[in-house]
Number of protein chains: 2
Amino acid sequence: MPTAEKRPRADAVRNFERLLETAREQFETRGAEMAFEDVARVAGLGKGTLYRHFPTRDHLLAALLASTFEDLAVEADRLLATRAPLEAYVEWLGAFDRMPAPYRGLRAVLMESLGDDASAIAIACEPLKRSFAAIVAGAQRDGLVHVHIDSDELMTVVAALPDHLRGTEPQHPWLDVVIDGSLTDAGRQARRT
Amino acid sequence: MPTAEKRPRADAVRNFERLLETAREQFETRGAEMAFEDVARVAGLGKGTLYRHFPTRDHLLAALLASTFEDLAVEADRLLATRAPLEAYVEWLGAFDRMPAPYRGLRAVLMESLGDDASAIAIACEPLKRSFAAIVAGAQRDGLVHVHIDSDELMTVVAALPDHLRGTEPQHPWLDVVIDGSLTDAGRQARRT
DNA sequence: ACCTGAACACCGTTCAAGT
DNA sequence: ACCTGAACACCGTTCAAGT
C-alpha cells in the first residue's frame, strides 16, 4: 500500500534544493531583503517555480533557518537540564542574540514574525519558544525573573535590539541591560555570585 | 540692502505648505511608509515638486516632526531644571516613548535615523539629544544610572521597542524593563521611594 | 526659478501556455 | 504535475520641456 503523501516529481525536488541553496547564498550576501526575483534568476529557474515552492518570503526564510531554530531548541533543553535556572536563562538569551548575526536584516524579520502566530517563521519557532518558556518559568519559580515577564515578548524585544549598536563583540551591548531589567533583586544578587 | 537669503517665489511657498499638510494627513492614516507618489498626487502637484522640496523621505519626516522634536527638547530642559535627576530621567523617557505613538512606523524610522548622523532626522533631533544627555549625565553623577549607558543609544533602544507589544496603555510595557536595567542598585532603590 | 509629468528602473505577483 | 516567462501593477527617481 502506497504512502498517503505522494512523492513529488524528481525535477521538483531538484529545483527545491537548488532554490534553497541559491537563497542561502543571497541571504548571506544581500541580507533578508534579497530580491525574490534574483533568487529565481540566479538559480536559473522561473519566478513561478520559486513561488510554487515558497509562497511567501517567510516560507523561504523559515526553510533556510529550520536547522538553526532546531539547534536553539535543543540548546534550551540542554541548558534547562544541566544548568542552574539563572545561568540557563542568561546563556540561552546570549545564544538567541548571536543567532541572527550572520544574516543582515534577520532581526527585523524575526521581530515582526515572532508576534504573528500565522507566519511560517513563528510556526518554525514554536519548539524553541516552548523550550525557552520552560527556562523562564523555572527562573520565575525561583523568584529570579520578574513574574510579569513573558518569554515570547522577551525574545521579540531581544530580536529588536538595533543592529547598528552592535559592536565587534559577539554579544549585543544592550542585551545585558534588558536581562538585568528583567531580573528581581534576588536575581541580580544571584547573577553576581 | 537685501537679505542674503533670497525670498522664494510665492507659488513655491504655497506648494511647500500644501505638501507638508498633505504629507501629515498621509502620515497619520498610512504611516511612515506612505507612498511618496501619493503625497504629490493628493496635493495635486507633480512628483518633481515634492522631490524639489524634500530630497529624501527623511527630509519630509523631519519637517513634519520638527515641532514635536522641539517640544521634547523643551520638556527635557524643564525636567532637568525642576525635578530630581532620577525623576527627570524616567519621566522624559516616558515622554519620548509616547511621542511616536500617533504615527505608525515612526519608531522604525527613528531607530534607523538616530544612528545615522547625516540624516535630516538626526540633525533635527540634536537639541533634544543634547538636553537628554544632560539629564543622563546628572543621573550618572549621582550614581543612579550606570556609567556605561550612552544616552543616544538608549534613545535608539527605546525607539526600537516593538510596536505590536504595545497594549492600550500609553506607555510601552517594556520601557520599564529597559529603564530598570539601566539603573544602578542605588537607582533602583531610589526609584521605589 | 519653479513646476510638470513622461520615461525609466526595479521588483513583486499572477497566470495562460507549454512540457 | 510542474515549469516558464510574459504581463501587469506599483512605486521610486530623474530630467527634458514648459511657464
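Is Ala159(A) buried or exposed? Let us work towards that and a few other points together.

This is a predicted model, in which local features need pLDDT of at least 70 and side-chain atom pairs count only at pLDDT 80 or more, while totals for chains, interfaces and linings use all residues. Residues are numbered from 1 along each chain as its sequence is written, chains are lettered from A and ligands numbered from 1 in the order in which they are written, and side-chain values use heavy atoms, with hydrogens and water left out.

**Exercise 1. Place Ala159(A) and describe its surroundings.**

Step 1: Find the element. Ala159(A) belongs to helix α9, residues 151–159 of chain A. Helices here are DSSP runs of H or I with at least four residues, strands are runs of E with at least two, and both are numbered from the N terminus.

Step 2: Check the accessibility. Buried means under 20% relative accessible area, exposed means over 50%, and partly exposed lies in between (1.4 Å probe, protein chains only). Ala159(A) has 3% relative accessibility, so it counts as buried.

Step 3: List the contacts, meaning heavy atoms within 4.5 Å. Not counting residues up to four places away in sequence, Ala159(A) touches Phe96(A), Arg107(A), Leu110(A) and Met111(A).

Step 4: Compare sequence and space. Ala159(A) and Leu110(A) are 49 residues apart in sequence, yet their C-alpha atoms are 6.4 Å apart.

**Exercise 2. Sketch chain A as a whole.**

Step 1: Count the elements. Chain A has eleven helices and zero strands.

Step 2: Take the dimensions. The C-alpha trace of chain A spans about 60 × 50 × 25 Å along its principal axes.

Step 3: Look at burial and contacts. Of the 193 residues in chain A, 47% are buried. Among contacts between residues at least 6 apart in sequence, 64% join residues at least 24 apart.

Step 4: Look at the surface. Chain A exposes about 10,000 Å², with carbon and sulfur atoms supplying 52% of it. Such areas come from the Shrake-Rupley method with a 1.4 Å probe, and for residues only the protein chains shown count as cover.

**Exercise 3. Examine Gln26(A) in its helix.**

Step 1: Locate the residue. Gln26(A) sits in helix α1, residues 10–30 of chain A.

Step 2: Classify it. Gln26(A) counts as buried because its relative accessibility is 9%.

Step 3: Name its partners. Leaving out residues up to four places away in sequence, Gln26(A) touches Gly31(A), Met34(A), Asp38(A), Val39(A) and Val42(A).

**Exercise 4. Trace salt bridges within a chain and between chains.**

Step 1: Set the rule. A salt bridge is a side-chain nitrogen of Lys or Arg within 4 Å of a carboxyl oxygen of Asp or Glu. A search of the whole structure finds 28 of them over all chains.

Step 2: Start inside chain A. Asp180(A) pairs with Arg191(A), and their closest N and O atoms are 2.9 Å apart. This pair links helix α10 (residues 175–182) to helix α11 (residues 185–192), across eleven residues of the chain. Asp180(A) is buried at 15% relative accessibility, and Arg191(A) is partly exposed at 27%.

Step 3: Cross to the other chain. Asp185(A) and Arg192(B) meet in a salt bridge of 2.9 Å, N to O. The pair runs from helix α11 of chain A to helix α11 (residues 185–192) of chain B. Asp185(A) is partly exposed at 38%, whereas Arg192(B) is exposed at 54%.

Step 4: Try a pair within one helix. Asp38(B) and Arg41(B) form a salt bridge at 3.0 Å, N to O. Because they are three residues apart in helix α2 (residues 36–43) of chain B, about one helical turn separates them.

Step 5: Join the pairs up. A network of salt bridges links Asp176(A), Asp180(A), Arg188(A), Arg191(A), Arg192(A) and Asp185(B).

**Exercise 5. Place Pro100(B) and find what surrounds it.**

Step 1: Locate it. Pro100(B) lies in the loop between α5 (85–98) and α6 (106–115) of chain B.

Step 2: Classify it. With 3% relative accessibility, Pro100(B) counts as buried.

Step 3: Look around. Apart from neighbours within four places in sequence, Pro100(B) is in contact with Leu106(B), Arg107(B) and Leu110(B). Pro100(B) and Ala159(B) are 59 residues apart in sequence and 8.4 Å apart in space, C-alpha to C-alpha.
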